[in-house]
Structures are given as structure tokens and as C-alpha cells.
Amino acid sequence: TVLPPSAQGTINLPRGDVNAHMFGHFLASTYAPPLPPTTYIEAREDEDIELPEPNPSVLVEVLDCKDVMTNGIFAWVGMCNLRPLYRILGPEPRYLYYAENDIASNWRIVNKMGAEDFVERFRRPSDAKLPVDCEKGDYGGCVVEAKLTPEIVSKISMINSHEEKLTIRSKFAEVYGQQFVAIEGNSRGLISKASPVVAVAHALESQQRAVQLLHSQLSAEIQRREAAEQHSQTMEEAFETLQLRIQAQLPGPPSVANLQEIHAINKQQRMKVAEEQQLQRRDRDSNIGTPLFSDGGGGSVAGEFCKATVFDPTSGKPEWAPDLGPGCGPVPCAPMAPKDRKPQAAPTFRRGPASMRGSPLAPGSRMDTPSVPQTPGGPGGPGGPGGP
């Protein structure tokens with residue numbers, strides 16, 4: 001679409017919110033108007049590619065083998081014992097080659113080159129030039145010819161080894177020539193069978209759809225942003241309301257006037273308590289030692305004194321003072337009388353003669369008994385038992 005000369009200058013877009021729908025139509029008009037999908041369905045302008053004839057020295061197929069992973073298309077990747085070496089077109093490696101071993105020569109399929117174990121073996125005939133000339137294998141498999149098709153060409157990309165991929169493609173290009181190039185280009189989408197006009201229309205339509213998709217995403221993003229802003233504003237208002245409620249419920253910090261008032265009240269209370277204590281102290285001093293007499297003369301005895309009251313310095317409660325009148329205080333006890341009897345003196349022993357010192361006593365002899373002091377009235381004393 002070509003703009004008129006008056007509109008080819010600078011395009012001034014409206015400031016503020018951008019209308020995504022209007023912006024989408026503006027950009028879409030610069031490419032091409034929307035076209036229905038049925039417009040692109042038209043007849044092919046070129047002929048179909050003719051498939052080449054099968055070549056068993058390059059491409060074969062293994063069928064009916066009990067090992068399922070062995071069945072498939074095998075392509076040429078090299079030479080082994082002057083015969084072709086095939087590799088299966090797939091992610092798992094399987095190699096078909098001719099093992100030369102005198103009378104035990106045969107075609108066999110192995111998991112990797114150099115392995116002694118095989119997954120399939122074709123023993124008859126033992127001198128076959130190609131595997132398609134062999135009979136059925138030990139596990140029921142057979143080898144047949146295969147044609148080069150777009151499906152087979154697409155399986156080359158499934159091989160893990162990059163060197164084997166290049167070898168197979170170069171061999172196919174050498175044997176099949178332009179037919180292989182055309183089949184591979186068609187399978188990869190490099191060759192289009194549609195007219196150039198339709199291809200340009202396809203490109204423009206794809207661009208228009210991409211722009212419309214971007215516009216729809218932009219509109220959805222604008223809506224999400226507006227919803228997020230509204231939610232944020234709502235949360236901010238709720239937070240402010242909650243803050244005001246908290247300030248209304250919690251007490252504020254005390255002011256200087258309140259502190260001065262509280263200090264004055266505490267000072268008045270302390271002065272009042274001090275005055276009451278002083279008055280009580282005066283009353284207590286005046287009532288100490290004053291006798292109390294009843295008016296009727298009964299129930300009271302002369303000589304009674306009034307107890308004074310004092311205030312506990314810790315709790316401030318009034319308590320009775322100690323008795324200070326005669327006979328009200330503590331009375332001394334009488335002294336304890338001394339003991340009348342004295343304990344007896346300890347016994348004493350006389351010193352024995354020098355002849356008895358250090359010598360054993362003779363039989364029938366006795367030692368002198370110790371002397372016991374005689375006490376009056378005691379045992380052995382005058383007036384006592386056993387005494388004179």
C-alpha cells in the first residue's frame with residue numbers, strides 16, 4: 001500500500017493511551033489486506049519428482065527379523081572385505097557387513113563394528129556379493145531392495161554421527177545425482193512448488209498474523225497493568241485506613257503539660273502523707289505514760305497505760321509500740337543456786353617396792369590395794385558402811 005504524498009511525511013500518533021486495535025490496523029495496512037486461507041490452494045505448477053530405481057549396493061531394507069531394532073533401511077557408509085558396509089538409518093547403530101572367515105564367511109548384522117556377537121546372520125550362500133542375494137537369516141530376517149523416497153531421505157538426520165551423515169549424503173548424491181538433491185530439497189522445504197506470487201502472499205499474511213498476535217498480547221498486557229494499578233491503589237487505601245485505626249486505638253506520647261500535672265499530683269500526695277505521719281507521731285508522744293480511767297469506775301484499774309502506735313517504715317501501716325509502763329517489760333530471772341555436792345576425788349595408787357618392779361609376781365602373792373580416801377558418810381569412812 002502506497003501512502004499519498006500528503007501522508008508521506010512524519011506521522012503524529014496521539015499521545016497518552018495507545019489504541020492497540022488502531023495501531024494494529026495501521027501496521028497491517030502497510031503489508032497486505034487479510035486474505036482467506038482458501039486463496040492459497042491452487043494447482044501445482046511443476047511436475048512431481050520421479051523417484052530413482054533401487055540400487056542394492058547403496059540402499060537395502062531388512063524385514064521380519066526377531067530383533068525389532070534391526071528391521072529398517074540400511075544405507076551405504078563404506079567398504080569392508082571388498083563388499084559394501086551398510087548402516088541403519090536410525091538413532092541406534094546397526095551395521096550390515098560381510099564377515100570373511102574361510103568356510104564360515106557370511107553376511108551379518110552387529111551392534112558395533114568389531115563385535116563378535118551378532119543380532120542376525122545370513123549364512124547361505126556364503127560367497128554372496130550383496131546381502132539381497134542371501135536367503136533368510138538365523139532369526140527370520142531377509143534383505144530386499146529399497147527405493148530412495150523422501151521418507152528415507154528424512155531419516156538421515158536421525159543418525160547421531162555427523163561423519164556418517166556426510167558420507168551417506170555424498171554417496172547418494174554421487175549415485176542418484178539431481179534426483180537426490182531434488183528429493184532432499186523438497187523434504188526440507190527448500191524447494192516450493194507454488195508460484196512466486198503465492199509465496200509472497202504467504203509471507204505477507206504471516207507477517208500480518210504476527211503483528212496481530214503482538215497487538216493482542218499488547219492489549220492483554222495493558223489490561224493486566226491497569227488491573228495491577230487498581231489493586232495497588234486499593235491496597236494503599238486499605239493500608240492508610242488501617243494506620244488511622246491503629247493511631248486512634250493506641251495512646252499517643254505524653255505531652256509536657258501532662259507530665260507537669262502528674263508531677264504536681266505526686267508531690268501533693270507525698271506532702272499529705274508526710275503531714276499525716278507527723279500528726280500521728282505527735283499523738284503518740286503525747287499518749288505515752290498517761291493512765292486511763294473509765295468514767296463509770298468499772299472495768300478499768302489504776303495504773304494501766306496506753307500503748308502507743310508507730311508506722312512501719314516499709315509498708316506504712318500502723319503497729320503497736322512496745323510496752324513501756326512498770327511491770328510491762330521483761331522481768332529478770334533469779335540467779336541459779338550453786339551445786340551442793342562436789343564430785344569425788346580421783347583415786348590414787350601407792351608406789352610399789354623396788355624389788356617388785358620389773359619382776360613377775362610369785363604364785364599366791366597379791367599386790368597391795370590402793371588406798372581409798374575416806375570421806376565422812378562414804379564407803380569406808382566414819383559413819384558409812386564398812387567404816388568405824
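**Entry 1: overall content**

I began with the secondary structure and counted six helices and nine strands in the protein chain. I note at once that this is a predicted model, and I read every entry below with that in mind.

I then looked up the burial of the chain as a whole, and found that 22% of its 388 residues count as buried. For the surface I noted an exposed area of about 29,400 Å² for the protein chain, with carbon and sulfur atoms supplying 57% of it. Turning to contacts between residues at least 6 apart in sequence, I recorded that 43% of them join residues at least 24 apart.

**Entry 2: the sheet**

I traced an open sheet of seven strands, whose order I wrote down as S6-S5-S4-S3-S2-S1-S7, with antiparallel pairing. At its edges I found strand S6 (120-122) and strand S7 (142-145), each of which pairs on one side only. From one strand to the next the twist averages 35°.

I reminded myself that strands of a sheet pair through backbone hydrogen bonds, either parallel or antiparallel, and then went through several of the pairings in turn.

- At the S6 edge, I found strand S5 (residues 106-110) joined to S6 by three bridges, the two running antiparallel, and I placed Trp107 opposite Phe122 in S6.
- Between S2 and S3 I counted six bridges in the antiparallel sense, with Pro84 in S3 as the bridge partner of Met79.
- Between S1 and S2 I counted four bridges, again with the strands running antiparallel; here Leu59 has Ala75 in S2 as its bridge partner, and Val62 stands opposite Gly72 in S2.
- At the S7 edge, S1 and S7 pair over four bridges in the antiparallel sense, and I noted Cys142 in S7 as the bridge partner of Leu63.

**Entry 3: strand S2 and what lies over it**

How many of the nine residues of S2 are buried? I found eight, and therefore take S2 to be largely enclosed by the rest of the structure.

I followed the chain out of S2 and saw that S2 and S3 form a hairpin with two residues between them, where Asn81 in the turn has a positive phi of about 55°. I also looked for a helix over this part of the sheet: helix H3 (residues 162-176) lies across strand S1 (59-63), strand S2 (72-80), strand S3 (83-88) and strand S4 (95-99), and runs at about 90° to S2.

**Entry 4: Val110**

I picked out Val110, which lies in strand S5, and asked whether this residue is buried or exposed. Its relative accessible area is 0%, so I entered Val110 as buried.

I next listed its surroundings, not counting residues up to four places away in sequence, and found that Val110 touches Pro93, Arg94, Tyr95, Tyr97, Ala115, Asp117, Phe118 and Val119. For one of these, Tyr95, I also looked up the C-alpha separation from Val110, which is 5.5 Å although the two residues are 15 apart along the chain.

**Entry 5: Ala128 and the cysteines**

I located Ala128 in the loop between S6 and S7. Although it sits in a loop, Ala128 has a relative accessible area of 4%, and I count it as buried because that value is under 20%.

Leaving aside neighbours within four places in sequence, I found Ala128 in contact with Arg83, Tyr98, Trp107, Asp133 and Cys134. I also noted that Ala128 and Ser105, 23 residues apart in sequence, are 9.5 Å apart in space, C-alpha to C-alpha.

Since Cys134 appears among those contacts, I looked up its burial and found a relative accessible area of 12%, which makes Cys134 buried. Cys80 is also buried, with 16%. A search of the whole structure for disulfides gave me zero.

**Entry 6: helix H5**

Last, I checked the length of helix H5 (residues 196-249). At 1.5 Å a residue its 54 residues should span 80 Å, and I found the end C-alpha atoms 79 Å apart, so the two values agree.

Which residues of H5 are buried? I listed Val198, Ala201, Glu205, Gln208, Val211 and His215. As background to that list, I noted that an α-helix has 3.6 residues a turn, so residues three or four places apart point the same way.

Methods
Residues are numbered from 1 along each chain as its sequence is written. This is a predicted model: local features need pLDDT of at least 70, side-chain atom pairs count only at pLDDT 80 or more; totals for chains, interfaces and linings use all residues. Side-chain values use heavy atoms; hydrogens and water are left out. Buried means under 20% relative accessible area, exposed over 50%, partly exposed in between (1.4 Å probe, protein chains only). Contact means heavy atoms within 4.5 Å. Accessible areas come from the Shrake-Rupley method with a 1.4 Å probe; for residues, only the protein chains shown count as cover. The expected span of a helix is 1.5 Å times one less than its number of residues. A disulfide is a pair of cysteine sulfur atoms within 2.5 Å. Two strands pair if DSSP finds at least two bridges between them. Axes are lines fitted to C-alpha atoms, for helices over the stretch in contact, and angles run from 0 to 180 degrees between N-to-C directions.
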